[in-house]
Amino acid sequence: MTLLFSQRDIEPVAGGRPLIDRFGRQINYLRISVTDRCDFRCVYCMSEHMQFLPKSEVLSFEEIDQIALAFISRGTRKIRLTGGEPLVRRDILELVQRLGSYIGSGLDELTLTTNGSQLRRYAGGLADAGVRRINVSLDTLDEARFRDITRRGRIGDVLDGIDAAAEAGLQLKINMVAMRGVNDDEIEPMMAWAHGRGFGFTLIEGMPLGEVGIDRVDSYLPLKELRARLASRYTLEPTDHRTGGPARYDWVKETNGLIGFITPMSHNFCESCNRVRLTATGQLYMCLGQEDMVDLRDVLRADGPSALDAALDRAMQLKPKGHDFVLDRTHAGPALSRHMSVTGG
Ligand code: SAM
Ligand code: SF4
């Protein structure tokens, strides 16, 4: 095996073999897209007239559960549900309850990323099922701008959902995609708002995934530039706080909160990648930015759950070293035709 990255400590796995890729990275984090559908059409994520997959192709809860169990028995400690919008999948709490029952029996954490529109309805149920922290994506606090970015969302629903989640005792982190000329004037106010409410706040660089509704080159805003701007106005103290993801965090002294930076474009974070992503139709992608995948739905439907273990070994052989995202005028189109909502953000 060629170890290109410095070997991290490999966590032992009770009763099973850990999942380790060709480069010595241990995979212990699974992101599951439970649907490619969404009630919003965010301009950087989807096109206005997005074609969604036929529901018959989507994995059943039973199948997701079987795949999740195969991962947990190979050392997966954290599962994040995403999409599309995970909370628009019918009866989603049934799946959350099933997966939540594995917390403490191999699984450390079950969490989700949501646009927040359905949180008022689901926050209590999520907390009851063992979810402790969630990420809510919110790119603006301005009502009209929110409608423009999401093309159809109502910010009131999201803010009300955020209140409901906080009332249910969930810890929240707000994720904001920073876009030049779209919402870059709101970064400081949003950070102050999030920290004022005791939420984490993370900035994300736009990635070239799928044909969408904005000029990605014009709106691309390197977070290095933003961090320098914030550092001229606030005291940013680097921390070693990690949440098992790619974000790097600073403590902001004036607002008393953490700010995270997810910089897939300007800083390649692949060397510490510990995750793989399952699409709503059961394809396991080893990297958000590459095409390598193993079709676990085919494996499951052809040979049953006992065949998953060998499929995970095959998947580990396919995990690429990293993504090759490039975004400039000569590469203005998407790096991949696959939208973020398909692979699961
Ligand atoms: N619907 C949920 C939501 O919006 O939180 C979950 C799925 S969404 C695809 C997950 C995250 O991906 C969101 O924070 C969204 O802002 C982000 N995202 C979507 N497309 C992106 C892109 N092209 N570049 C960077 N982030 C993107
Ligand atoms: Fe939907 Fe999330 Fe994509 Fe927005 S970012 S369109 S809310 S999946």
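The following legends describe close-up views of a predicted model.

**View 1. The protein chain as a whole.** The chain has 345 residues, and 57% of them count as buried. Its secondary structure consists of 11 helices and 12 strands. Among contacts with a separation of 6 or more, 71% join residues that are 24 or more positions apart.

**View 2. The residues around ligand 2.** The shell contains three cysteines, Cys38, Cys42 and Cys45, together with Phe40, Arg41, Met46, Gly84 and Asn115. Sorted by class, this shell has 5 nonpolar residues, 2 polar and 1 charged.

**View 3. Helices H2 and H3.** H2 covers residues 92–100 and H3 covers residues 119–128; their axes come within 9 Å and cross at roughly 20°. Angles under 35 degrees count as roughly parallel, and H2 is therefore roughly parallel to H3. The crossing is right-handed. On the H2 side the contact involves Ile92, Leu93 and Val96, which meet Tyr122, Gly125 and Leu126 of H3. These contact residues divide into 5 nonpolar and 1 polar, with no charged residue.

**View 4. The buried side of H3.** The buried residues in H3 are Leu119, Tyr122, Ala123, Gly125, Leu126 and Ala127. An α-helix has 3.6 residues a turn, so residues three or four places apart point the same way. The buried residues of H3 pack against H2, helix H5 (155–167) and two strands, S3 (109–114) and S4 (133–137). Just after H3 comes Gly130, with a positive phi of about 105°.

**View 5. Asp91 in the loop before H2.** Asp91 belongs to the loop between strand S2 (78–82) and H2. Its phi is near 60°, a positive value in a residue other than glycine. Asp91 counts as partly exposed because its relative accessibility is 46%, and the partly exposed class lies between under 20% for buried and over 50% for exposed.

**View 6. Helices H6 and H8.** H6 (residues 187–196) packs against H8 (residues 223–233) at an angle of about 65°, with the two axes 11 Å apart. The range 65 to 115 degrees counts as roughly perpendicular, and H6 and H8 are therefore roughly perpendicular to each other. H6 passes H8 in a right-handed crossing. Ile187, Glu188 and Met191 of H6 make the contact with Leu226, Arg229, Leu230 and Arg233 of H8. By class, the contact of H6 with H8 has 4 nonpolar and 3 charged residues, and no polar ones.

**View 7. Glu254 and Asn256 in the loop between S8 and S9.** Glu254 is found in the loop that runs between strand S8 (248–252) and strand S9 (257–262). Its relative accessible area is 44%, so Glu254 is partly exposed. Leaving aside neighbours within four places in sequence, Glu254 is in contact with Tyr234 and Thr235. Glu254 and Ala192 are 62 residues apart along the chain, and their C-alpha atoms are separated by 9.1 Å. Asn256 also lies in the loop between S8 and S9. Asn256 has a phi near 55°, which is a positive value in a residue other than glycine. With a relative accessible area of 55%, Asn256 is exposed.

Key. Residues numbered from 1 in each chain as written. Chains lettered and ligands numbered in written order. Predicted model: local features only at pLDDT ≥ 70, side-chain atom pairs only at ≥ 80, totals over all residues. Heavy atoms only, no water. Near = heavy atom within 4 Å. Nonpolar A, V, L, I, M, F, W, Y, C, P; charged D, E, K, R; others polar. Axes fitted to C-alpha atoms, helices over the stretch in contact; angles between N-to-C directions. Helix = DSSP H or I, 4+ residues; strand = E, 2+ residues; numbered from the N terminus. Parallel < 35°, antiparallel > 145°, perpendicular 65-115°, else oblique. Left-handed = near helix turned anticlockwise from the far one by under 90°. Contact = heavy atoms within 4.5 Å. Buried < 20%, exposed > 50% of the residue type's maximum accessible area, 1.4 Å probe, protein only.
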